[in-house]
Amino acid sequence: MDKTDALRLQRMQEKIKVAGLDALVCRLPENVVYLTDYWPHHGFSVAVLPKSGKPLLFLPEFEAEYADLTGPK
């Protein structure tokens with residue numbers, strides 16, 4: 001994750017806190033890629049951005065081969 005991505009996620013997390021939420025849950029492919037840099041192949045993936053910490057990616061097992069599950073670079 002580069003510095004721009006980190007700042008973007010930080011701004012989003014600040015908005016999550018201001019809204020009084022614990023996390024943001026996204027399932028639209030364009031939102032999943034925005035949070036995780038992973039484009040869902042079949043549209044079944046979900047990204048969760050907690051109010052602190054790294055975004056989480058949930059995807060079907062059959063898509064695991066397409067995702068970089070090693071974490072941010």
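I take helices as DSSP runs of H or I with at least four residues, numbered from the N terminus. By that count I place Ala6 in helix H1, residues 3-18. I note at the outset that I am working on a predicted model.

**Entry: overall fold**

I looked up the secondary structure next. The protein chain has two helices and three strands. Along the sequence I read the pattern α-β-α-β-β.

I then checked the dimensions. The C-alpha trace spans about 35 × 25 × 15 Å along its principal axes. The radius of gyration is 12 Å, and a compact globule of 73 residues would have one near 11 Å, so the two agree.

**Entry: surface and contacts**

I find that 26% of the 73 residues count as buried. The accessible surface comes to about 5200 Å². Carbon and sulfur atoms account for 58% of that surface.

For contacts, I took pairs at least 6 apart in sequence. Of these, 34% join residues at least 24 apart.

I also looked up the charges. There are 9 positive and 10 negative side chains. The centres of the two sets lie 10 Å apart.

**Entry: Ala6**

I went back to Ala6 in H1. Is this residue buried or exposed? Neither: its relative accessible area is 36%, and the partly exposed class runs between 20% and 50%. I then looked up its distance to Lys54. The two are 48 residues apart in sequence, yet their C-alpha atoms are 9.4 Å apart in space.

**Entry: Asp37**

I looked at the backbone of Asp37. Its phi is near 65 degrees, a positive value in a residue other than glycine. Where does Asp37 sit? I find Asp37 in the loop between helix H2 (29-36) and strand E2 (46-50). Its relative accessibility is 54%, and the cut-off is over 50%, so I log Asp37 as exposed.

**Entry: aromatic pair**

How many aromatic pairs does the count give? I get one. The partners are Phe44 and Phe62, with ring centres 6.4 Å apart. Their planes stand at 80 degrees, so I record the pair as edge-to-face.

I placed both partners. Phe44 lies in the loop between H2 and E2, and Phe62 in the segment after strand E3 (56-58). The pair therefore ties together parts that are 18 residues apart in sequence.

I checked the accessibility of each ring residue. Phe44 is exposed, with a relative accessible area of 57%. Phe62 is partly exposed, at 44%. The loop that holds Phe44 is the one where I found Asp37, between H2 and E2.

Note on methods
Residues numbered from 1 in each chain as written. Predicted model: local features only at pLDDT ≥ 70, side-chain atom pairs only at ≥ 80, totals over all residues. Heavy atoms only, no water. Rg over C-alpha atoms; globule rule 2.2 N^0.38 Å. Buried < 20%, exposed > 50% of the residue type's maximum accessible area, 1.4 Å probe, protein only. Contact = heavy atoms within 4.5 Å. Areas by Shrake-Rupley, 256 points an atom, 1.4 Å probe, with all protein chains shown as cover. Lys, Arg positive; Asp, Glu negative; His and termini not counted. Charge placed at Lys NZ, Arg CZ, Asp CG, Glu CD. Phe/Tyr/Trp six-rings, centres within 6.5 Å; stacked < 30°, edge-to-face > 60°.
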